[in-house]
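I opened this notebook to keep track of what I looked up, beginning with the sheet and its helices and ending with the enclosed spaces.

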Amino acid sequence: MSANYSYANESISSETQNKANVLVLMFDDMRFDTFSYRGGPVNTPNIDQLAAESVRFDNAMSTTGLCSPSRAAFYTGRWGHKTGLDDNVELYSTRLAELDLKEGGLLRRASEAGYLVGHVGKWHLGARGTELRGAEIDLAHGHEPRKRFSRVYTPYAKVPQIKGYYEGKLDKNDEKHEYYITLDGGYEDTQAYKKVLAGKKMLAQMAKDKRPFFGVVSFNQPHPAYRVPEPYASMFDPKMVKLPKNHLAKRIDKPLAQDGIWWPWHDVGHMTDMDWRKSRTYYYGAIAMVDRMIGELIQTAKDEGIYDDLHIVLLGDQGSMLGEHSLYDKGPYAYDELMRMPLLIKNPTIEPKIINRQVSLLDITPTLASWMGLKSDGDVDGHSLIPLMTIGDKAEAELPDTALYAYEWYNGAWFGIRAVRTPEFKFVWNPGDNRDEFYDLTADPGEMVNHIKTPSYKKQRAKMVKLLMSELERVNDPSLVKLKHHAKAYL
């Protein structure tokens, strides 16, 4: 989007004042590329059916590849430099405990607009944050603390466990449980299923209430370690799994932070070829289980008689690394496997279609606010997706096709990364390092070759640097002051 981006005529939606019923299905570290509707390796019939009824955003981008900041961006519609939430909360070495309660976000805005607000599952923005923002239904919190400003979770047990892997020690079933786990019992014994049950309970209560409703079901799945019961653990043969070209690729001319051990399981020197393959297949099994979970929730909405006019948003907060660039989980980088996310939006009054233009996680917030008739609560860093959903890619044909991404902190370690992406190129500014990144996404979609010093890319590189400066100016990012000095090397 450009610095001048705006839609004067939001009346393109006849529903702006109608207070739509909304269900958000959010998943943790869910990649964009594994579903069968995307030609991926996992058969996902329920997600595929939802995709067929939705507007598919096939090039949706997260704001940052880290749980708390990306979720804060979704709920508030603002970047972390405005909300103060630019790192994980409640985890080892972070300086943050919660999203400032002044940031009420979609939950409080919906509650104040007369909605029945419900939240199920992972929040990861501070203890009791959903309740304190007006969620009348507040269920299945999982591992999150219920007391504000609790001591942070510190991964003491993980350190000797990783050390043991180097010594040849394995966990139950000869597995490495920091990477892949066969859970005891079956599907209905999992923590994920408990959230399904809570989601069903929420939907049943919403169906009986006369008020419009805004409900969120947020799952920890498929976040690593990849953990599933049978039959999902053995659903995919690790010996036969297809690996991408950048799998275990050596990081050459990359920023030093990519070598860092920011969480114990980032230490992957002990991983064998089979370990990597199993991590990938267990992730695939988790996606198959996610599809089942989604199917059950959608069926409940149908059984309760609320599906036909239900607006549904399915998204992941960010992606995850499965061995690409020899990386696991997430960290301070902007690779597509982490930056991109799945996004489906079903509006029963809008014809299904595929949108190829890049959109941001931040764009979902003003879109929902428009449909729900919510009052403004401050800056809006994204833009409404209603025109794209209504008339397709041509709605923005005259605008630059760009995506902005940040990675400010990781659990107390500062990086300040900013990246800008077009369909053809990606520029990654690393102000905490003296090496930036420039990728030709057409010739090298796996982002293996850093062209930051390649003379033949001088013009394209300069254009992308200027684009990043324009985007930072648009969102009033204070890091622009420093970028202007660093950019002199490229202009």
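The entries below follow that order.

Entry one, ground rules. I am reading a predicted model, where local features need pLDDT of at least 70 and side-chain atom pairs count only at pLDDT 80 or more, while totals for chains, interfaces and linings use all residues. Residues are numbered from 1 along each chain as its sequence is written, and side-chain values use heavy atoms, with hydrogens and water left out.

Entry two, the sheet. I found eight strands in an open sheet of mixed pairing, ordered β5-β4-β7-β1-β9-β13-β2-β14; strands are DSSP runs of E with at least two residues, helices are runs of H or I with at least four, and both are numbered from the N terminus. Two strands pair if DSSP finds at least two bridges between them. At the edges I noted β5 (137–139) and β14 (353–355), each with a single partner strand, so one side of each has no neighbour in the sheet.

Entry three, one pair and its helix. I saw that β4 (residues 116–121) and β7 (residues 213–219) pair in the parallel sense over six bridges, and that His 119 has Val 216 in β7 as its bridge partner. Helix α6 (residues 191–208) packs on the sheet and touches β1 (22–27), β4, β5 and β7, contact meaning heavy atoms within 4.5 Å.

Entry four, the lining. I looked up which residues line the largest cavity, and they divide into three nonpolar, six polar and five charged (Ala, Val, Leu, Ile, Met, Phe, Trp, Tyr, Cys and Pro count as nonpolar, Asp, Glu, Lys and Arg as charged, and the others, Gly among them, as polar). A cavity is a set of points on a 1 Å grid over the protein atoms alone where a 1.4 Å probe fits but cannot get out, and lining residues have an atom within 4 Å of a point.

Definitions and conventions. Axes are lines fitted to C-alpha atoms, for helices over the stretch in contact, and angles run from 0 to 180 degrees between N-to-C directions.
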